Amino acid sequence: ESADAERLLLLNHTVRRAEAAAGAAEEEAAERRGEAREEQRLRRAAEHQASAARTLLVQLRHQSEQERAGLREKLEAMMAEMERAREEVEAVAEEMPELTE
């Protein structure tokens, strides 16, 4: 009986150690799943930010192109106005040569 009792105690002790090890393994697995979910969440957030940055870059490029086109048009209009003014000055100078002397 005493040997049976010892084996039973040893078996109970082994079972408790195995249960503790299984519990620790389950906790570790749950923690790793949580870490994996957090990594996935962070990856999705980073992908979303990268997409938003690409969209903003496209918008800024488009805006920049529009602004350049507008500035080019203004410059061309100013150049045309300067050319008209030069032609007017030349015409007046031809009509009134005394102004250029």
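The protein chain holds one helix and zero strands. This is a predicted model. Helix α1 covers residues 2–95. The radius of gyration of the chain is 43 Å, whereas a compact globule of 101 residues would come near 13 Å. Of the 101 residues, 0% count as buried.

**Overall shape and surface**

- Along its principal axes, the C-alpha trace spans about 140 × 20 × 5 Å.
- One residue pair gives a sense of scale: Glu 19 and Val 58 lie 39 residues apart in sequence. In space, their C-alpha atoms are 58 Å apart.
- Glu 19 has its place in helix α1. Its relative accessible area is 53%, so Glu 19 is exposed, the cut-off for exposed being over 50%.
- The accessible surface of the chain comes to about 9,400 Å². Carbon and sulfur atoms account for 57% of that surface.
- No share of the chain reaches the buried class: the figure is 0% of the 101 residues. Buried would require under 20% relative accessible area.

**Charge**

- The chain carries 16 positive and 25 negative charges.
- The mean positions of these two sets of charges are 13 Å apart.
- Glu 26, Glu 27, Glu 31, Glu 35 and Glu 39 form a negative surface patch.
- Glu 26, one of the residues of this patch, is found in helix α1. Glu 26 is exposed because its relative accessible area is 56%, and exposed means over 50%.

**Nonpolar patch**

- Leu 8, Leu 11 and Val 15 form a nonpolar patch on the surface. Together they have about 260 Å² of accessible area.
- Val 15 belongs to helix α1. Its relative accessible area is 38%, so Val 15 is classed as partly exposed; that class lies between the buried limit of 20% and the exposed limit of 50%.

**Salt bridges**

- Side chains of opposite charge can pair when their charged atoms come close.
- The structure holds six salt bridges. Among them are the pairs described below.
- Glu 28 and Arg 32 meet through their side chains, with 2.6 Å from N to O. Both residues lie in helix α1, four residues apart, about one turn of the helix.
- The two partners fall into separate accessibility classes. Glu 28 counts as partly exposed because its relative accessibility is 41%. Arg 32 counts as exposed because its relative accessibility is 54%.
- Arg 41 and Glu 38 form a salt bridge at 2.7 Å, N to O. Helix α1 holds both, three residues apart, about one turn of the helix.
- Arg 41 has 42% relative accessibility and therefore counts as partly exposed. Glu 38 has 36% and therefore counts as partly exposed.
- Arg 86 and Glu 83 form a salt bridge at 2.4 Å, N to O. These residues also lie in helix α1, three residues apart, about one turn of the helix.
- Arg 86 counts as partly exposed because its relative accessibility is 38%. Glu 83 counts as partly exposed because its relative accessibility is 33%.
- A network of salt bridges links Glu 83, Arg 86 and Glu 90.

**Summary points**

- The fold is one helix with zero strands, and the radius of gyration is 43 Å.
- The surface includes a nonpolar patch of Leu 8, Leu 11 and Val 15. The surface also includes a negative patch that runs over Glu 26, Glu 27, Glu 31, Glu 35 and Glu 39.
- The six salt bridges include Glu 28 with Arg 32, Arg 41 with Glu 38, and Arg 86 with Glu 83.

Key: Residues are numbered from 1 along each chain as its sequence is written. This is a predicted model: local features need pLDDT of at least 70, side-chain atom pairs count only at pLDDT 80 or more; totals for chains, interfaces and linings use all residues. Side-chain values use heavy atoms; hydrogens and water are left out. Patches are made of residues with over 30% relative accessible area and no salt bridge: like charges are joined within 9 Å, nonpolar side chains (Val, Leu, Ile, Met, Phe, Trp, Tyr) within 5 Å. Accessible areas come from the Shrake-Rupley method with a 1.4 Å probe; for residues, only the protein chains shown count as cover. A salt bridge is a side-chain nitrogen of Lys or Arg within 4 Å of a carboxyl oxygen of Asp or Glu. Helices (H or I, at least four residues) and strands (E, at least two) are DSSP runs, numbered from the N terminus. Buried means under 20% relative accessible area, exposed over 50%, partly exposed in between (1.4 Å probe, protein chains only). Lys and Arg count as positive and Asp and Glu as negative; His and the chain ends are not counted. The place of a charge is taken as NZ of Lys, CZ of Arg, CG of Asp or CD of Glu. The radius of gyration is taken over C-alpha atoms; the globule rule is 2.2 Å times the number of residues to the power 0.38.
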